[in-house]
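Student: Could you take me through a close look at the salt bridges here, and then show me what the parts around them look like?

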Amino acid sequence: MKTKLIHNLATAAMMLLAIFVATGCNTYSDNPANASKNLTDAEKADLLERAYVYALPLMLMDATYIHMTNVVDPVGQQAPANRLIHARVLANANTKEVVTPNVDTNYTQVMMDLSGDALVLRLPHTDRFCLAQILDAWSNCIAAPVATDIEGEYGYYCFTGPKFKGDVPDNMTHIASPTDHVWMLLRTVCKGKDDLDNVHAIQDEMRTYMLNDFVTTGAEYKGKGTYNPDYDFKAPVDYIMTMPMDKFFARANELMLTNPPAKEDAEWLADLKRINVGPGLKFDASIFGSEAETLWKNLVTNIIAITTPHSQQFVKPNGSWQFYGEPIAEFGTEYYYRALIAVAALAANPVSVAVYPRANVDANGQHLNGNHRYRLHITSDNWPETKPYGFWSVTLYGEDNFLYGNEQNRYNITDRDNWKRNDDGSLDIYVSHEPDTDHPDNWLPAPADDFHLIFRIYNPVDRIAHNEWTMPVITRLD
């Protein structure tokens, strides 16, 4: 699709898309059948898969947004748009807002609505890892301010949406978002329960302001939200995965109006328009005939299997582990990879910030299962090295991508724990369902079922960021 003819068609499609976003009209909107009348069943199925893969991150981000802002006043892990949400405790087995939550940091979040005024964020300077990951509505990381880099007592960041026309004060860092909805997911490292007061002190110095209020009165934003019982679901991923096809694409098409696709997406959107997927279009599942429900169920049920083969060039093996490399979090047009990460690890960071190798098999390729005993061996000369303020952890998840609840409330082993090294300086981490009485400080509880591990390394040195090191060997001991 790189001939001159196709290039010209893509250019024309981009122009039509720009016209559509501005006018809100389209020749196919009122009659979806016109768009697909010349397609074979196989072509329709292929376009449906591509449309689902393309829109899924946008929908998961939206479900997270509407769930976490579904309150009148801040409570727990919810707050109205543009107001801070502080996690005062570390994640646990009941944490369901985001898949694969970490247990290394306390989260501070803001679900931004930039459709009107700009938003100002105040962060305090800290001498510990404290990073604000900024995601647009498509799950791309568009900025990552670091609190240790702040000069002086506070740093001020001004977030603007695509329609913003005002001026940003000179003393602020301007972060221009391509979408109206933005998710700030800030992580402050915590060294355990005894360190929570220190983390809380950092969180308490954070503020949000609407730009006009900041400039005129300096008043912190305290706006109210609204509550909708339809959005009172526990896990955004479950909400999206149970959504009917018509409802899914109706919402996706609506979201694309206020969270416009990137200009690089024009060629894909020109194809997806043939089944009426695109900004403001009117989707109708009837164009798929009697096979609609079967096609949809297959997509939703097998999304990991569908996206994985298209992502293999970015997912590199390293022993038992799979290393998720660039362009993670900065996906560009790698839509299958973006969808895979959205389902398995929504809000992952770029490799320059953190890496997330994942293992679900042992050294012999057998699935990890808590009915067996395992040892992870980290040699003294191949330590998970980090840059200043970095850290690492090994966290266990069930097959649902959430933390495994256990009596010990132990979900990971970290560089901040009181484990015991071997005489040669190496470290062994033991994993099993039954308690390991021989190595209690080095034991990670597992379910009596399949599980997987994620080895997080924040602020990794370059060789680790680029998968140029040997991951710990996972040996089954029985």
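Tutor: Sure, let's start with Arg373 and Asp436, which form a salt bridge with their closest N and O atoms 3.6 Å apart. (A salt bridge here is a side-chain nitrogen of Lys or Arg within 4 Å of a carboxyl oxygen of Asp or Glu.) This pair links distant parts of the chain, 63 residues apart: Arg373 sits in the loop between strand S13 (358–359) and strand S14 (374–378), while Asp436 is in the loop between strand S17 (427–432) and S18. Helices (H or I, at least four residues) and strands (E, at least two) are DSSP runs, numbered from the N terminus.

Before going on, keep in mind that this is a predicted model: local features need pLDDT of at least 70, side-chain atom pairs count only at pLDDT 80 or more, and totals for chains, interfaces and linings use all residues. Residues are numbered from 1 along each chain as its sequence is written, and side-chain values use heavy atoms, leaving out hydrogens and water.

How covered are the two partners? Arg373 is partly exposed, with a relative accessible area of 32%, whereas Asp436 is buried, at 6%. (Buried means under 20% relative accessible area, exposed over 50%, and partly exposed in between, with a 1.4 Å probe and protein chains only.)

Now look at Asp462 and Lys387, whose side chains meet in a salt bridge of 3.3 Å, N to O. Here too the pair links distant parts of the chain, with Asp462 in helix H12 (residues 462–465) and Lys387 in strand S15, 75 residues apart. Asp462 is partly exposed, with a relative accessible area of 48%, and Lys387 is partly exposed as well, at 35%. Elsewhere, salt bridges that share partners join Asp62, Arg251 and Glu254 into one network.

A search of the whole structure finds 16 salt bridges. One of them is between Glu205 and Arg122, with the closest N and O atoms 3.5 Å apart. Glu205 lies in the loop between helix H4 (196–203) and strand S9 (207–210) and Arg122 in strand S3 (residues 119–124), so the pair ties together parts that are 83 residues apart in sequence. Glu205 is partly exposed, with a relative accessible area of 29%, but Arg122 counts as buried, at 10%.

Let's go back to S18, the strand named with Asp436. S18 covers residues 443–445, and Pro445 lies in it. Pro445 counts as buried, at 3% relative accessibility. Its C-alpha atom and that of Asn94 are separated by 16 Å, though the two residues are 351 apart along the chain.

S15 (386–398), the strand that holds Lys387, has a neighbour worth a look too. Asp400 lies in the loop between S15 and strand S16 (412–414). Asp400 is partly exposed, with a relative accessible area of 45%.

To finish, compare two helices. In H10 (residues 303–311), Ile303, Ile306, Thr307 and Ser311 are buried. Seen down the axis of H10, its buried residues fall within an arc of 120 degrees, so they line one face of the helix. (The arc is that of the directions from the helix axis to the C-beta atoms.) On the other side of H10, Ala305 and Pro309 are exposed. Helix H11 (residues 335–345) is mostly covered, with 11 of its 11 residues buried; among them are Tyr335, Arg338 and Leu340. After H11 comes Ala347, whose phi is positive, near 80 degrees.
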